[in-house]
Amino acid sequence: MPRIDGKRLLADLQHIRGFGRFETGVHRPTFSPEDVAARQWLAGRMAEAGLAPSIDGVGNVLGRSPAAGPCLLMGSHTDTQPRGGWLDGVMGVIYGLEAARAFAEEPAAAGLSIDVASWADEESHYLSFLGSRSFVGQLPEAEIDNAKHREDGTPLRQAIAQAGFAGRPRLTLEEGRYRGYLEAHIEQGGSLETDGKRIGVVTSIVGIFQYRMTFEGRQNHAGTTPMPIRKDSGVALVRLLAQVNDRFAAIAGPRTVWTAGRILLHPGAPSIIPGKAEVLLQFRDGELTQMQRMEEELVRLVAEANAMGPCAVSLETLSRTPPTAMDARLQDAVAAAAEAHAPRGWMRMPSGAGHDAQILARRLPAGMLFVPSIGGVSHHYSEDTAEADLVLGCQVFCDAAFRFLKA
Ligand code: GLV
Ligand code: MN
Ligand code: MN
């Protein structure tokens, strides 16, 4: 069985943490200078590991194994949330790199191969699952042409050009090359910690639907405009959001969650009635029928708000990613490896976070492994995982890959 080198793994994780360090976490948004530098560093580390690296026209980094024989694709993402954690995404990429090195050093793994990827923009600064959707052939050029940064409006094409990737071909899944896709990630919730387990075998990944609601009112003076004639887009937004919250609570299933993560009022000054308001809203669930029901409710509430006035509301769908089951054989390989290295210290569990594995699963058998997040915290710079868990998780990951490819 290939043996990972825990010191080498931790050293690489600490090194890449330096690209965009923020407090104890990392600020490395997609195509920022720090993100581009991290991709280039990763490509160099892949080459040192004996993989042939390339960075493609949307920023995907792929290290291809020169070895013949059954191949497993591994990866995750190296972009981060704004002021995010140091492990979200990048841990899975470095696990892949370490597994590739461990395979190369293990005679029993001769004839087996591993490719490693960092998928661009998993955190959706421009486009939901930009890199992995491109790789599986489900991202039309027109979508790239039209995409803009979700906050500052920079066109995606411009960001790609500034990163130095414009004009490069887009890498796509080579038919027949892979037996499957395996991704490791921090749990990002507290279930493993609460249950006293060290490894999660992911059974399914949550679906995520995302929307932008825009409210058009009339900008005017906050002192001279009588209340009855105002068209206050901020008030309209708050009222509708409260209704959405109440209605979603009434129809929610046990795993339904919803979030309004960003609200903007234009122009955003204390003495101006906001003329335009915007909210980014998402909901998640493990059941597609439940998600469709929630979308119907949202559409109905928006129609009611439009009928009532005085502000016009538009609802734009940003992405619809359905819930996805993980491959049974990959689950069993991760479970067997977990039992070997952490007897009774693992459990099967669904993922409440989205992952590139749900996109790769459209073309390949896909599986995932989780390690515990301290205090269940993620998408915050304080996100962390115990070193011993990082090392154990990588060994289980590597062993699971070996078992899967050998079977
Ligand atoms: C991925 O980061 C997610 O938001 O689930
Ligand atoms: Mn994330
Ligand atoms: Mn992630």
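Both D88 and H185 are buried, where buried means under 20% relative accessible area, exposed over 50% and partly exposed in between (1.4 Å probe, protein chains only). The model is predicted, with local features needing pLDDT of at least 70 and side-chain atom pairs counting only at pLDDT 80 or more, while totals for chains, interfaces and linings use all residues. Residues are numbered from 1 along each chain as its sequence is written, chains are lettered from A and ligands numbered from 1 in the order in which they are written, and side-chain values use heavy atoms, leaving out hydrogens and water.

D88 is a good residue to follow through the metal sites. Together with H77 (NE2) and H185 (NE2), D88 (OD) is a protein donor of the manganese ion (ligand 3), at 2.0 to 2.3 Å. Donors here are N, O and S atoms within 2.8 Å of the metal (3.2 Å for Na, K and Ca); water is not among the atoms, so sites may look incomplete. Along the chain, the donors of ligand 3 are spaced H-x10-D-x96-H. D88 sits in the loop between β5 and α3 and H185 in strand β7 (residues 178-186), so this pair ties together parts 97 residues apart in sequence. Helices (H or I, at least four residues) and strands (E, at least two) are DSSP runs, numbered from the N terminus.

Turning to the manganese ion (ligand 2), its coordination comes from D88 (OD), E123 (OE), E123 (OE) and H379 (NE2), at 2.0 to 2.8 Å. D88 coordinates both manganese ions, ligand 2 and ligand 3, which are 3.4 Å apart. H379 lies in the loop between β17 (366-371) and α12 (387-406) and D88 in the loop between β5 (71-76) and α3 (90-105), so the pair links parts 291 residues apart in sequence. D88 has 6% relative accessibility, whereas H379 is partly exposed at 42%.
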